[in-house]
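Trainee: Could you take me through one part of this model at close range? I would like to look at the three-stranded open sheet and the loops beside it.

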Amino acid sequence: MSAPVAVQRRGLGFALTVLAVGAAVLASAPAALANPATSAPRTMSQPTAIQPAASQLTATPIPTISGVPQAGRRLTASPGTWKPAPVTLSYRWKVNGVAVSGATASTFTPSNTQVGKRVTVTVTGTKTGYQTVSKTSASTKPVAPATIAVGANPRELIVTKNGRWAYVANAGARTVSVIDTATGTVIATIPLGGTPRALAVSTNQKQVFVSTCSDEKIYALNIATNTVAYSFQAGACGDLVATPDGKSLYIGGSPSLFDITVATIATRSLAEPIFTGAPVGELTPSADRKKVYLSNGDDYGVLIIDTAAPQGPLQEFNTSHPPIASAPSPDGKTVYASLGRDLLTGPSNAVEVIDTATNRVRASIAITAPGALTVSPDGTKLYVLSTENNTIVTISTATNRVLSRIPVGHTPTSLAVTPDGSKVGITNYDDNTVSVLPVF
C-alpha cells in the first residue's frame, strides 16, 4: 500500500486535505461546509408558467336599437358585426339604467309600467382566448303610452262618470268611437250626419251629447245601446257643457260670436243665449258643473259663468296672454290657463296659475305651445298637452314643477282623466289614435 499523500489548497478560506488510499480518494472539508447527517434535503422552487396574454377582439361596435319606444311595441337590438368571427353575443336590457328581469333576448317590449322611461341595451361579446367586451347603446326617447286606433281625426274625448266608457269625436270620419276603458278596445262606432266638434255626458249618465259643425246639430247618443236617440238643430257648434240640473246644454258658439248658445234638452229647442261680450272660446265645467270657465282670448282673461244664474254678471280672471284653454282645480281655488300668442310679444309658452281669491297670477309654468289641460280628480297633478312637441306634461300642483314630459301622438287635441285618476286619454288628431297614459 502506498503512503498517503497530503495535498493542501489555500486561497478559498479553508484547507482541503486529500488522502489517497489505493484507488479511493476521500475528501474532507470544514464542518461549516459539510451537510450534517440530520440536515433536511434542500428543495428547488419550480419556475411559474407564463400564461399568454388574451387577445383583443378586433371589432366591437356599439349596438343600436330600432323600433318605436312605446308600451306594447317591440324594440330590436342590432349588435353590429363583431370580429374575429365567430363571437358569442349576449344581451341585457335596462330601463332608466336598471336591468329588467329576464330581458336577455335581442328584442324587448316595454310595458305600461315603463312609460316615460328610457331604454338601453348592453351587448357582451365572448370568445375563447379573447378578452370579454361589453358595449351599451344610446338611450331611446322616453317610452310612449300605448295607443288605440279610432276614426279619422279624433278631436275630443270624454269619459263617463263610472269610468267604464270613453267616447271619441272623430271629425274626419263623422263618427263617434266608443272605447271600453277596461280592455282598451273600441266596442262601437256611431255614424253621424255632421262633423263632430265636442262631447258632453248628460247629468243622469244615460246620454252623450255631440255638437256637430257641418250641420250645426246636437246629437243625443244612447249609452246603453250606443245608437243615436235623436238630434235637433242648434244653429251653432262648439264646446259642450251639460248643466248640473240636467235641463240645459251650453254650446260654445253662436251666430253673433259673442254669445253662448243655450239648448233646452227636454224640448230640444233653443233658450235665451248667454251674452259674454267677447268671442267665445273653450268652455270647461267645474267638477260639479256649477260653474263654467270660458277662455276669453280678446280680453286676456278667463270668464266664469254661474250655471244657477247664467245671465248674471260674469266673474273674470286676468292673464298676461290670450288664454287658449283653462281648467279649474277641484276645490275651485285655482284656475290654470294655457296661454297663446300675443300680437306684439309673440307666444307665451306658459301656463299661468291664477289664485281665484285674489285674482293674481301665483306662478307661471314654462311649457312650449301649451294646449288643452286638465287637473287630476284628487287635485295633485295638472296635465297639459304641448301641441308643438307632441307631448303630455305632468305637473305637481303643490310645487308647480314639471314631473314628466312624455311623448304622445301627432297633434294632440284633447285629454280626459278617468274618475279614479288611474289613466289619461289623449286624442292624436293626425295619427287617428288615442294614447292611454297610465298614472302611478
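Mentor: Happy to; here is the sheet with its loops, after a short word on the whole chain.

The model is predicted, so to speak: local features need pLDDT of at least 70, side-chain atom pairs count only at pLDDT 80 or more, and totals for chains, interfaces and linings use all residues. Residues are numbered from 1 along each chain as its sequence is written, and side-chain values use heavy atoms, with hydrogens and water left out.

The chain has 0 helices and 40 strands; helices (H or I, at least four residues) and strands (E, at least two) are DSSP runs, numbered from the N terminus. Of its 440 residues, 45% are buried. Buried means under 20% relative accessible area, exposed over 50%, and partly exposed in between, with a 1.4 Å probe and protein chains only. Among contacts with a separation of 6 or more, 41% come from residues 24 or more positions apart, where contact means heavy atoms within 4.5 Å.

Now to your sheet. Its 3 strands follow the order E3-E4-E7, with antiparallel pairing, and the sheet is open; two strands pair if DSSP finds at least two bridges between them. At the edges are E3 (64–66) and E7 (107–108), each pairing on one side only. E3 is joined to E4 (residues 75–78) by 3 bridges, and these two strands run antiparallel. One place to look is Ser66, which stands opposite Thr76 in E4.

Between E3 and E4 comes a loop that holds Val68. Val68 counts as partly exposed because its relative accessibility is 38%. Leaving aside neighbours within four places in sequence, Val68 is in contact with Arg73 and Leu75. The C-alpha atoms of Val68 and Ala144 are separated by 8.5 Å, although the two residues are 76 residues apart along the chain.

Follow the chain past E4 and look at the loop between E4 and E5, where Pro84 has its place. A cis peptide bond joins Lys83 and Pro84, with omega about 0 degrees. Pro86 lies in the loop between E4 and E5 too, and a cis peptide bond, again with omega about 0 degrees, joins Ala85 and Pro86.

Edge strand E7 also takes part in the 1 aromatic pair that the structure holds. Trp93 and Phe108 are stacked, at 5.5 Å centre to centre and 25 degrees between the planes. For this term, rings of Phe, Tyr and Trp (its six-membered ring) pair if their centres lie within 6.5 Å; planes under 30 degrees apart count as stacked, over 60 as edge-to-face and the rest as tilted. The pair links distant parts of the chain, with Trp93 in E5 (residues 88–95) and Phe108 in E7, 15 residues apart. Both Trp93 and Phe108 are buried.

One last stop is Asn96, in the loop between E5 and E6 (98–99). Asn96 is not a glycine, yet it has a positive phi of about 50 degrees.
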